[in-house]
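Biologist: Show me the fold, and be ready to defend your labels. I want values set against cut-offs.

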Amino acid sequence: MDDDTPNEAFTELKTGSVGGWGLVQIAAGTGLTVYAMWVGVLQPGFRKVPLKLQVPYIPASKTQVDNVMKLLRGRQGSLVDLGSGDGRIVLEAHRRGFTPTIGYELNPWLVRMACFHAWRAGHHEKVSYRREDLWKVDLSECKNVTVFLAPSVLSLLQQKLQDELPDDAIVVAGRFPLRDWKPCRVEGHGVDRAWAYSMQAQRQNTVGKNDNLTETDCNNKLTS
């Protein structure tokens with residue numbers, strides 16, 4: 001997710017002007033570090049999880065986080081991040097005034113990483129990271145939910161969200177949309193895109209009562 005592209009990195013490599021530290025930077029910029037971390041350290045935490053529910057750790061970029069926060073502008077109260085990874089969404093939500101902010105993550109290494117980031121930012125006592133299976137989390141009182149998950153997981157998560165979330169809840173998905181849902185608003189482009197969904201509007205769409213939902217209607221629901 002860095003601004004440096006793989007092509008630029010390989011060009012530097014061909015010139016022979018890259019030292020040891022440069023090789024480390026190239027590895028990070030091209031995603032090799034993330035992959036190595038996933039295979040060697042983080043993936044073992046998912047050995048008991050069915051393959052289709054495993055989500056490789058890819059940290060959200062600053063732009064992705066900003067787009068999520070734009071979609072939550074005007075909202076308040078608690079926020080839950082399902083599959084919170086290294087915790088940056090939870091931490092930024094706390095900075096923007098959401099409270100309490102809770103991240104649910106099954107991988108213990110990522111929970112420890114998130115706690116470290118919160119400690120380094122001076123907010124470790126103000127945010128919460130819990131090692132819990134997101135499928136067992138009770139969402140009945142959640143008003144703001146964020147998800148950065150793979151399409152295979154999102155397609156299964158839709159039913160849980162619809163069954164448990166209250167009508168005034170908002171779901172914001174990053175990187176991949178909820179395939180069968182109609183978003184109220186969209187921010188960003190490409191891999192930085194984020195989608196906001198109103199649970200009230202979604203339920204109305206499901207029963208065929210709101211096929212002509214306008215963007216103005218969606219904005220009203222997002223800020224209500």
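The exchange below takes the labels one by one.

Biologist: What kind of model is this?

Modeller: It is a predicted model.

Biologist: How many helices and strands does the protein chain have?

Modeller: The secondary structure comes to nine helices and seven strands. Buried residues make up 44% of the 224 residues in the chain. Of the contacts with a separation of 6 or more, 62% are between residues 24 or more positions apart.

Biologist: Take helices H4 and H5. What makes H4 oblique to H5?

Modeller: H4 covers residues 62-71 and H5 covers residues 88-95; their axes come within 10 Å and cross at roughly 50°. Roughly parallel needs an angle under 35 degrees, and roughly perpendicular runs from 65 to 115. The crossing angle fits neither class, so H4 is oblique to H5. The crossing is right-handed.

Biologist: Which residues meet where H4 passes H5?

Modeller: From H4 come Val-65, Val-68 and Met-69. From H5 come Arg-88, Ile-89, Glu-92 and Ala-93. By class, this contact has five nonpolar, no polar and two charged residues.

Biologist: Why is H5 called largely enclosed by the rest of the structure?

Modeller: Six of its eight residues are buried, so the label follows. Those residues are Ile-89, Val-90, Leu-91, Glu-92, Ala-93 and His-94.

Biologist: What covers the buried residues of H5?

Modeller: The cover includes H4 and strand S1. It also includes strand S2 (101-104), helix H6 (108-120), strand S3 (128-130) and strand S4 (144-147).

Biologist: Which residue with a positive phi follows H5?

Modeller: Gly-97, with phi near 105°. Then look at the peptide bond from Thr-99 to Pro-100: it is cis, with omega near -10°. Pro-100 is found in the loop between H5 and S2.

Biologist: Now the other side of H5. Why does Ser-84 count as buried?

Modeller: Its relative accessibility is 5%. Buried means under 20%, so Ser-84 qualifies. Ser-84 sits in the loop between strand S1 (79-82) and H5. Leaving aside neighbours within four places in sequence, Ser-84 is in contact with Val-90, Gly-103, Tyr-104, Glu-105 and Tyr-129.

Biologist: Is Ile-102 buried or exposed, and how do you know?

Modeller: Ile-102 has 12% relative accessibility; that is under 20%, so Ile-102 is buried. Ile-102 lies in strand S2. Its contacts, neighbours within four places left aside, are Leu-79, Val-80, Asp-81, Val-90, Ser-128 and Arg-130. Ile-102 and Tyr-129 are 27 residues apart in sequence, but their C-alpha atoms are 5.7 Å apart.

Biologist: Over to H7 and H8. What makes H7 roughly perpendicular to H8?

Modeller: Helix H7 (residues 151-164) and helix H8 (residues 199-206) pack at an angle of about 105°, with their axes 10 Å apart. Roughly perpendicular spans 65 to 115 degrees, so the term applies to H7 and H8.

Biologist: Which residues meet there?

Modeller: Leu-161, Gln-162 and Asp-163 in H7 meet Met-199, Gln-202, Arg-203 and Thr-206 in H8. That contact has two nonpolar, three polar and two charged residues.

Biologist: Why is Ser-155 called partly exposed?

Modeller: Its relative accessibility is 30%. Buried ends at 20% and exposed starts over 50%, so Ser-155 falls in between. Ser-155 is in H7. Its C-alpha atom is separated by 7.9 Å from that of Asp-180, 25 residues apart along the chain.

Biologist: What is notable about the phi of Arg-175?

Modeller: Phi is positive, about 75°, although Arg-175 is not a glycine. Arg-175 lies in the loop between strand S5 (170-174) and strand S6 (185-187).

Biologist: And why does Arg-175 count as buried?

Modeller: At 15% relative accessibility, Arg-175 is under the 20% cut-off, so the term holds.

Biologist: Last, the cysteines. What makes Cys-142 and Cys-184 buried?

Modeller: Cys-142 has a relative accessible area of 8%, and Cys-184 has 6%. Both values are under 20%, so both residues are buried.

Biologist: How many disulfides are there?

Modeller: The count comes to zero. A disulfide needs a pair of cysteine sulfur atoms within 2.5 Å.

Technical notes:
Residues are numbered from 1 along each chain as its sequence is written. This is a predicted model: local features need pLDDT of at least 70, side-chain atom pairs count only at pLDDT 80 or more; totals for chains, interfaces and linings use all residues. Side-chain values use heavy atoms; hydrogens and water are left out. Axes are lines fitted to C-alpha atoms, for helices over the stretch in contact, and angles run from 0 to 180 degrees between N-to-C directions. Helices (H or I, at least four residues) and strands (E, at least two) are DSSP runs, numbered from the N terminus. Angles under 35 degrees count as roughly parallel, over 145 as roughly antiparallel, 65 to 115 as roughly perpendicular and the rest as oblique. A crossing is left-handed if the near helix is turned anticlockwise from the far one by less than a right angle, and right-handed if clockwise. Contact means heavy atoms within 4.5 Å. Ala, Val, Leu, Ile, Met, Phe, Trp, Tyr, Cys and Pro count as nonpolar, Asp, Glu, Lys and Arg as charged, and the others, Gly among them, as polar. Buried means under 20% relative accessible area, exposed over 50%, partly exposed in between (1.4 Å probe, protein chains only).
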